[in-house]
2 protein chains.
Amino acid sequence: MVNPTINDVARIANTSKSTVSRFLNGYTVKKETEEALKLAIQSLNYHPNVNARRLVKNHTQSIGIVVDDIANNFYSGIYRGIENVANLNGYQCTYYSRTSNYQGEFGFMDLAQERQVDGLILISFLKRSNELIKRIEELMTPVVLIGDTNSNDTIFSVDVDNELGISEVVRYLHRLGHEKIGYITGPDEFSATHWRRKGYEGALEDLGIKQNPSWIIASDWSESGGHKAMKELLDMNEITAVIASNDEMAIGALLCANELGYRVPSDISVVGFDDIPVAKWVYPPLTSVKQPFVEMGEKAAIGLIEKLNGEEIGTQSNRVLIKPNLVVRQSCRGL
Amino acid sequence: MVNPTINDVARIANTSKSTVSRFLNGYTVKKETEEALKLAIQSLNYHPNVNARRLVKNHTQSIGIVVDDIANNFYSGIYRGIENVANLNGYQCTYYSRTSNYQGEFGFMDLAQERQVDGLILISFLKRSNELIKRIEELMTPVVLIGDTNSNDTIFSVDVDNELGISEVVRYLHRLGHEKIGYITGPDEFSATHWRRKGYEGALEDLGIKQNPSWIIASDWSESGGHKAMKELLDMNEITAVIASNDEMAIGALLCANELGYRVPSDISVVGFDDIPVAKWVYPPLTSVKQPFVEMGEKAAIGLIEKLNGEEIGTQSNRVLIKPNLVVRQSCRGL
DNA sequence: GTGAAAGCGCTAACAG
DNA sequence: CTGTTAGCGCTTTCAC
């Protein structure tokens with residue numbers, strides 16, 4: 001009825017619980033007690049109580065991954081990256097969804113303080129408050145961030161190099177002969193919005209292209225938002241290309257252009273960001289910027305594990321920005 | 001340096017640890033000790049050690065959700081459903097990805113036996129082995145299944161009614177005048193493949209439409225697989241409509257038809273299954289069958305929690321099949 | 001190699 | 001309402 005304990009197996013195997021414990025932890029025991037032990041464990045269907053073990057060891061061998069919304073599939077590649085290196089290092093990954101917690105990422109600080117996990121990876125592409133950052137700094141438990149961080153990089157964090165990504169798009173379009181490039185930007189509360197826009201404006205400036213503020217339309221990441229923004233842009237009748245700061249908006253833009261009788265790319269070029277799977281299925285297949293999710297997850301996990309091992313994080317800085325890749329398909333043409 | 005314990009707060013608040021424990025657990029204490037306690041907790045930044053608590057209480061107030069691959073975003077709606085009801089009932093959700101464990105769902109039985117969680121929801125759309133089912137039956141810990149189960153329904157499980165879903169598609173197409181309907185089926189190792197196909201064949205039979213086995217092409221859920229299958233179907237030059245058993249294949253079919261100079265829906269009608277977000281963005285917008293993911297998650301969580309509370313699962317059977325919804329868009333036309 | 005004993009941080013009688 | 005006490009199941013000295 002009640003679960004078997006280490007005492008039960010000790011009794012059955014005719015030995016002491018310390019011996020059972022040692023055996024369970026990989027220390028050598030006399031050949032014959034080993035046999036008896038195996039038999040006892042097997043027959044009792046014994047499984048160690050992980051809570052007892054964690055209590056005495058004071059660590060869990062598990063890392064917690066906290067996401068804004070587990071049902072948002074967007075950054076799933078990150079998970080894979082994290083699992084890869086965590087498992088390689090003997091850590092179990094457990095995922096927590098922030099949706100269920102009204103306190104946002106704050107609520108999950110407790111996970112660490114309550115000793116549910118040894119360390120935390122916080123994934124969010126929303127801007128993070130100074131208050132949150134301060135709380136994390138005060139924490140004894142190692143935490144690494146994916147996405148936004150504070151400006152002075154006191155906490156180890158990784159992100160995609162959004163600025164570079166968009167700036168490469170601008171350069172690409174410029175090489176194709178475009179100079180009149182519209183930009184559909186995302187919501188303010190995301191840090192990526194800021195950096196991507198910076199990439200757009202910075203590249204135009206570097207290239208010596210004159211900018212037109214009315215060619216920047218703010219939107220909301222959604223397909224319908226992109227659609228609406230594109231209409232505004234097209235109505236101006238000035239632009240030869242548009243960069244949407246994510247793929248969904250780019251797809252909306254594509255759809256809008258179609259409906260309005262424009263052909264992509266012959267009448268107007270469109271590029272997106274993220275390279276979601278759909279990007280290659282739409283018509284025309286969308287040129288986009290591929291986010292290096294797996295690598296981001298790996299880097300974050302490596303950073304966390306180094307902290308858990310008490311190692312100084314190598315030569316690298318506290319902020320690692322990973323270069324995304326431009327994926328050229330058929331939604332742009334040379335002028 | 002070391003984490004504060006209940007003893008530390010007792011000492012500082014000048015009381016005993018039992019009182020601290022009671023306070024922490026919501027029992028009333030004298031007003032003034034309450035004040036002292038709050039102060040002590042605050043100043044020490046005390047957080048209870050959840051492992052100690054779990055050890056003595058012998059339960060965790062958390063349920064484990066095990067998925068094939070956390071990076072597979074497909075069933076994310078299910079998570080939302082589960083979180084909804086779990087949180088309402090005071091349970092924390094923790095997610096585990098099977099990918100990291102070579103033993104498949106088996107490995108996660110341990111989660112329960114090790115007392116890491118109070119109950120488990122296993123999500124997988126692959127067929128499950130009898131061996132797995134037997135292991136689950138023997139387990140003391142409550143487990144509920146989403147997806148496949150065994151035929152005699154000894155374990156509580158929920159799934160979408162795949163058979164009904166496809167059969168409604170067939171009826172819809174039939175109402176439109178189609179009788180020559182091709183079918184692109186999925187891989188055998190998924191239980192949905194079986195039920196959806198059954199829905200296709202059953203509906204044809206019910207409708208008295210003669211079947212043609214060569215109109216059924218096996219594929220692999222992928223867009224490129226759907227593309228290839230569609231080519232075979234189109235080459236026969238006999239069919240007026242095709243049902244793909246998921247949206248990705250349907251999109252491949254759409255793309256293929258386009259390339260081959262067929263127009264959808266005027267030359268050929270296409271319908272998918274799942275209603276993934278993309279379905280409405282492709283051209284023409286794809287008619288599909290919407291999976292009731294949130295509801296599936298909710299039903300599963302309700303079932304689990306009833307078991308955790310030791311309640312008999314009400315009047316309902318051990319197998320709950322949720323009706324999906326046909327979403328009509330523009331990829332089919334009447335003959 | 002192995003057993004006895006102490007203790008991880010907490011809860012839950014029990015007696016006051 | 002509160003303190004004392006005895007564990008929860010495990011690991012880890014310390015002797016032997």
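**Exercises: a protein surface and DNA strand C**

In this predicted model, B:Leu55 is partly exposed, with a relative accessible area of 32%.

**Exercise 1.** Explain why B:Leu55 is called partly exposed, then find the patch that includes B:Leu55.

*Solution.*
- Step 1. Place the residue: B:Leu55 lies in helix 4 of chain B.
- Step 2. Take the relative accessible area of B:Leu55, 32%.
- Step 3. Compare with the cut-offs: buried means under 20% and exposed means over 50%. The value for B:Leu55 is in between, so the residue is partly exposed.
- Step 4. Look for the patch. A:Leu55, A:Val56, B:Leu55 and B:Val56 make a nonpolar surface patch of about 360 Å². Helix 4 of chain A and helix 4 of chain B each give two or more residues to this patch.

**Exercise 2.** Describe the protein surface near DNA strand C.

*Solution.*
- Step 1. Count the residues: 27 surround DNA strand C. Among the closest are A:Thr15 and B:Ile6.
- Step 2. Turn to the DNA atoms. Of those within 4 Å of the protein, 61% belong to sugar and phosphate.
- Step 3. Sort the residues by type: 9 are nonpolar, 11 polar and 7 charged.
- Step 4. Find the largest share. Helix 4 of chain B supplies it, with 5 residues.

**Exercise 3.** Which part of DNA strand C does a polar side-chain atom of each residue approach: A:Arg22, B:Lys17 and B:Tyr46?

*Solution.*
- Step 1. For A:Arg22, the partner is a base oxygen, 2.3 Å away.
- Step 2. For B:Lys17, a base nitrogen lies 2.3 Å away.
- Step 3. For B:Tyr46, the partner is a phosphate oxygen at 2.4 Å.

Notes:
Residues are numbered from 1 along each chain as its sequence is written. Chains are lettered from A and ligands numbered from 1 in the order in which they are written. This is a predicted model: local features need pLDDT of at least 70, side-chain atom pairs count only at pLDDT 80 or more; totals for chains, interfaces and linings use all residues. Side-chain values use heavy atoms; hydrogens and water are left out. A residue is near a molecule or strand if one of its heavy atoms lies within 4 Å of it. A polar contact is a pair of N or O atoms within 3.5 Å; within protein, one must be able to donate a hydrogen and the other to accept it, and residues adjacent in sequence count only if both atoms are side-chain atoms. Helices (H or I, at least four residues) and strands (E, at least two) are DSSP runs, numbered from the N terminus. Ala, Val, Leu, Ile, Met, Phe, Trp, Tyr, Cys and Pro count as nonpolar, Asp, Glu, Lys and Arg as charged, and the others, Gly among them, as polar. Patches are made of residues with over 30% relative accessible area and no salt bridge: like charges are joined within 9 Å, nonpolar side chains (Val, Leu, Ile, Met, Phe, Trp, Tyr) within 5 Å. Accessible areas come from the Shrake-Rupley method with a 1.4 Å probe; for residues, only the protein chains shown count as cover. A salt bridge is a side-chain nitrogen of Lys or Arg within 4 Å of a carboxyl oxygen of Asp or Glu. Buried means under 20% relative accessible area, exposed over 50%, partly exposed in between (1.4 Å probe, protein chains only).
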